[in-house]
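Welcome! Let us take a friendly walk through a protein model together. Please have the sequence and the 3D view open as you read.

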Amino acid sequence: MLPLLLTVPTLLFAQLERKPAVANDKVELTFPAPRQMNLYTVEPLSKKELHYSIMHTFNTINSGIRDLYGLDNGANIRFSFEYGFSDRFSLSAGRSSLDKLYDLGFRYHLLQQKIDNSMPVSVTLAGNTAVNSVDYSFLSIPDYTFTDRMSYTAQLIIARKMSDKLSLQMSPMVSHFNRVGQELQIEGTQQTYLALGFSGYYNITRRLAITGQFIPNLNNDLNNNVGVGIDIETGGHVFQLYFVTSPALNEQYLLAGGNGVPGEEFRFGFNINRIFQTGSR
């Protein structure tokens, strides 16, 4: 099924290798893809571009060789589509296997860094609404409603391309669950979570980069999210391989816990990003 999902879009759309525009006063390709590890970036989609991603995390590597360092079990998978309706605005839809979560989201690019530094940063507003679809018929709670299943995230993403090699990003984030309880695969018990996401990207070669992620919590004592990885660019693909402390692949669950202790409970994950041009602009 996975190979089919990866190959069928090639028959429908022209694969697009993203390159900086010529004679443009805006700084482009701050990041190679709209996602960096678990977080959205300020990198916009152009009008009529389609971003298709598959994200995958496994169990902790300290489970040992018997479980092939986490690869045998504990997998969480997310796939999503994001479409650019203009050069500033895009909508996305995704599904995560953790709590069988469906989400709808948007990104709106408020500002873009300028080459002459008259605008020193790029700024993007992003948010989503999600609903978990787990069968809770085993619970003795007769009033578990559709609204109870919903959660939300909003974030302001601020980034600067420091040089041709280095990009840095910061994103204040807030997530809210209408209802929390032991039935959810999170560690937190509160409904609202505040955090500050940090991302970094450093080019080693034209096609290879090292990446980092740190998401400290601001209103609870849960473990912070930490991740390190590499990006490999191959034309229309951006492959991201990383070690991260959380199995979660959407913002709500990243903020609500499930993070292990850095250095002790890392888990392997990967993202596959593909961008297509679906028609003439």
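The side chains of Asp103 and Arg78 come together in a salt bridge, with 2.8 Å from N to O. Keep in mind as you explore that this is a predicted model.

**Salt bridges**

Where do the two partners of this bridge sit in the chain? Asp103 belongs to strand β7 and Arg78 to strand β5 (residues 76–84), so their pairing ties together parts that are 25 residues apart in sequence. Asp103 has a relative accessible area of 5% and counts as buried. Arg78 is buried too, at 1%.

Strands β7 and β5 also hold the partners of another bridge, that of Arg107 and Glu82. Here the N to O distance is 2.7 Å. Arg107, in strand β7, and Glu82, in strand β5, are 25 residues apart, and the pair links distant parts of the chain. Are these two side chains buried or exposed? Arg107 is buried, with a relative accessible area of 0%, and Glu82 is buried at 3%. Why do such values count as buried? Because the word is used for anything under 20% relative accessible area.

Now find Arg35, which forms a salt bridge with Glu251. Their closest N and O atoms are 3.4 Å apart. Arg35 lies in strand β2 and Glu251 in helix α2, so this bridge ties together parts that are 216 residues apart in sequence. Both Arg35 and Glu251 are buried. Arg35 has a further neighbour to look for: it lies over the face of Tyr40, at 3.9 Å from the ring centre.

How many salt bridges does the model have? The count comes to five. Here are the ones described above.

| Pair | Closest N to O distance |
|---|---|
| Asp103 and Arg78 | 2.8 Å |
| Arg107 and Glu82 | 2.7 Å |
| Arg35 and Glu251 | 3.4 Å |

**Aromatic rings**

Next, turn to the rings. There are 11 aromatic pairs in the model. One of them joins Phe85 and Phe89, whose ring centres are 6.5 Å apart. Their planes meet at 40°, so the pair is tilted. Phe85 is partly exposed, with 45% relative accessible area, and Phe89 is partly exposed as well, at 28%.

The rings of Phe177 and Tyr193 give you another arrangement to look at. Their centres are 5.9 Å apart and their planes stand at 85°, so this pair is edge-to-face. Phe177 lies in strand β10 (residues 166–177) and Tyr193 in strand β11 (residues 192–203), so to speak a link between distant parts of the chain, 16 residues apart. Phe177 is buried, at 3% relative accessibility, and Tyr193 is buried at 0%.

There is also an aromatic cluster to pick out, formed by Phe58, Phe243, Phe268 and Phe270.

**The nonpolar core and a surface patch**

Phe177 and Tyr193 turn up again in the largest nonpolar core, which has 20 residues. Which residues have the most contacts inside this core? They are Phe177, Leu184, Ile186, Tyr193, Tyr253 and Leu255. The elements giving two or more residues to the core are β10, β11 and α2 (251–255). Of these, α2 gives the most, with three residues.

Not every nonpolar side chain is tucked away, as a patch on the surface shows: it is formed by Tyr202, Ile204, Leu208, Ile210, Ile230 and Leu241. Together these residues have about 450 Å² of accessible area. Tyr202 is in strand β11 and counts as partly exposed, at 37% relative accessibility.

**Two backbone details**

Finally, look at the backbone angle phi. Which residues have a positive phi although they are not glycines? Leu29 is one of them, with a phi of about 55°. Leu29 sits in the loop between β1 (14–15) and β2 (35–36), and is partly exposed, with a relative accessible area of 23%.

Asp99 is another, with a positive phi of about 60°. Its place is the loop between β6 (89–96) and β7 (101–111). Asp99 is buried, at 3% relative accessibility.

Key: Residues are numbered from 1 along each chain as its sequence is written. This is a predicted model: local features need pLDDT of at least 70, side-chain atom pairs count only at pLDDT 80 or more; totals for chains, interfaces and linings use all residues. Side-chain values use heavy atoms; hydrogens and water are left out. Rings of Phe, Tyr and Trp (its six-membered ring) pair if their centres lie within 6.5 Å; planes under 30 degrees apart count as stacked, over 60 as edge-to-face and the rest as tilted. Buried means under 20% relative accessible area, exposed over 50%, partly exposed in between (1.4 Å probe, protein chains only). Helices (H or I, at least four residues) and strands (E, at least two) are DSSP runs, numbered from the N terminus. A charge sits over a ring if NZ of Lys or CZ of Arg is within 6 Å of the ring centre and within 35 degrees of the ring normal. Patches are made of residues with over 30% relative accessible area and no salt bridge: like charges are joined within 9 Å, nonpolar side chains (Val, Leu, Ile, Met, Phe, Trp, Tyr) within 5 Å. Accessible areas come from the Shrake-Rupley method with a 1.4 Å probe; for residues, only the protein chains shown count as cover. A salt bridge is a side-chain nitrogen of Lys or Arg within 4 Å of a carboxyl oxygen of Asp or Glu. A nonpolar core is a set of buried Ala, Val, Leu, Ile, Met, Phe, Trp, Tyr and Cys residues joined through side-chain atoms within 4.5 Å.
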